[in-house]
Amino acid sequence: MPTTDSAAERAYAATRTAILDGTHRPGSMLSENELAGRLGMSRTPVRAALARLQDEGWITIYPKRGALVRELGPREIADLADARLILEAMGVQRATSEVRRSLADRLEPGLAAQRAALVARDLDGFVELTIAFHRSFVEASGNAVLVEIGDRLADRQRLLLSAHRDLLFERVDETIAEHLALIEALRADDPAAFAEALRAHIMDTHGPELGPV
């Protein structure tokens, strides 16, 4: 028979996944009773799961009312963009010329899969592809600490993309073209051009409505 701890872990994982994939949209209220019924467990592990999610910043619990799924505010989106710009540009700058050119060759074939996911409105598929795409720039540095920091931002990126899925699906060509520009800067072995293309991709082209992808 499952222990309370294992049930709480299952409740946490299921609820967190539902937040990230958009099942529980930002601004929606979660009910302990409804979650417990959906997950087939008592309220006790659900309550523990919600407390953990609140500690991690995904929800805000209002006693006797439920839990509100948080939205990323303009400042948080801007801070996320700044952090990713620093990490990814630094990763490419610290890489060798050989690594940059090799990375370009490795990443370009993946653009077709990114486009296919967007055209099919496969949010989960595209999110995982684009997170891996951008993570490659940090990995290029060979610095495990930078990669660890970047990984901590990934869930916020997932949440942001999920919240703005409709707009994301409307700008397929723009997104793929911007990713290709990043690859071309790598192939040209031009970290400064890469940083500028990345800045445009994250800060300018997408704007506050979507944020970085």
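Tutor: Helices (H or I, at least four residues) and strands (E, at least two) are DSSP runs, numbered from the N terminus. By this rule the chain holds 12 helices and 3 strands. The model is predicted, so local features need pLDDT of at least 70 and side-chain atom pairs count only at pLDDT 80 or more, while totals for chains, interfaces and linings use all residues. Residues are numbered from 1 along each chain as its sequence is written, and side-chain values use heavy atoms, without hydrogens or water.

Student: What makes strand 2 and strand 3 a pair?

Tutor: Two strands pair if DSSP finds at least two bridges between them. Strand 2 and strand 3 share 4 bridges in the antiparallel sense, so the condition is met. One of the bridges joins isoleucine 59 to valine 69 in strand 3.

Student: How many residues lie between strand 2 and strand 3 in their hairpin?

Tutor: The hairpin leaves 3 residues between the two strands, and lysine 64 in its turn has a positive phi of about 70°.

Student: What makes a space a pocket, and which residues lie nearest the centre of the largest pocket?

Tutor: On a 1 Å grid over the protein atoms alone, a pocket is an open set of points with protein on both sides within 12 Å along at least five of seven lines, whereas a cavity is a set where a 1.4 Å probe fits but cannot get out; lining residues have an atom within 4 Å of a point. The largest pocket has 14 lining residues, with Glu32, Tyr62, Lys64, Arg65 and Gly66 nearest its centre. Its space is about 260 Å³, a volume filled by probe spheres set on grid points joined across faces, edges and corners.

Student: Which elements line the largest pocket?

Tutor: At least two lining residues each come from helix 2 (32–39), helix 3 (43–55), strand 2 (59–62) and strand 3 (66–69). Helix 3 gives the largest share, 3 residues.

Student: How do you know which class each lining residue of the largest pocket belongs to?

Tutor: Ala, Val, Leu, Ile, Met, Phe, Trp, Tyr, Cys and Pro count as nonpolar, Asp, Glu, Lys and Arg as charged, and the others, Gly among them, as polar. The lining of the largest pocket thus divides into 6 nonpolar, 3 polar and 5 charged residues.

Student: Which class supplies 7 residues in the second largest pocket?

Tutor: The charged class supplies 7, beside 4 nonpolar and 1 polar. This pocket holds about 180 Å³ of space, and its lining includes Tyr12, Arg16, Glu76, Arg152 and Asp155. Two or more lining residues come from helix 1 (4–20) and from helix 8, and helix 8 gives the most, with 4 residues.

Student: How many cavities of 30 Å³ or more are there?

Tutor: The count is 1 cavity, and the largest cavity has a volume of about 150 Å³. Its lining has 13 residues, and Arg84, Glu88, Arg135, Gly150 and Gln157 are the closest to its centre. Helix 4 (74–94), helix 7 (123–139) and helix 8 (144–163) each supply at least two of the lining residues. Helix 8 gives the largest share, 6 residues. By class, the lining of the largest cavity has 6 nonpolar, 3 polar and 4 charged residues.

Student: What share of the chain is called buried?

Tutor: Of the 213 residues, 44% count as buried, that is, under 20% relative accessible area with a 1.4 Å probe and protein chains only (exposed is over 50%, partly exposed in between). The C-alpha trace spans about 60 × 35 × 30 Å along its principal axes.
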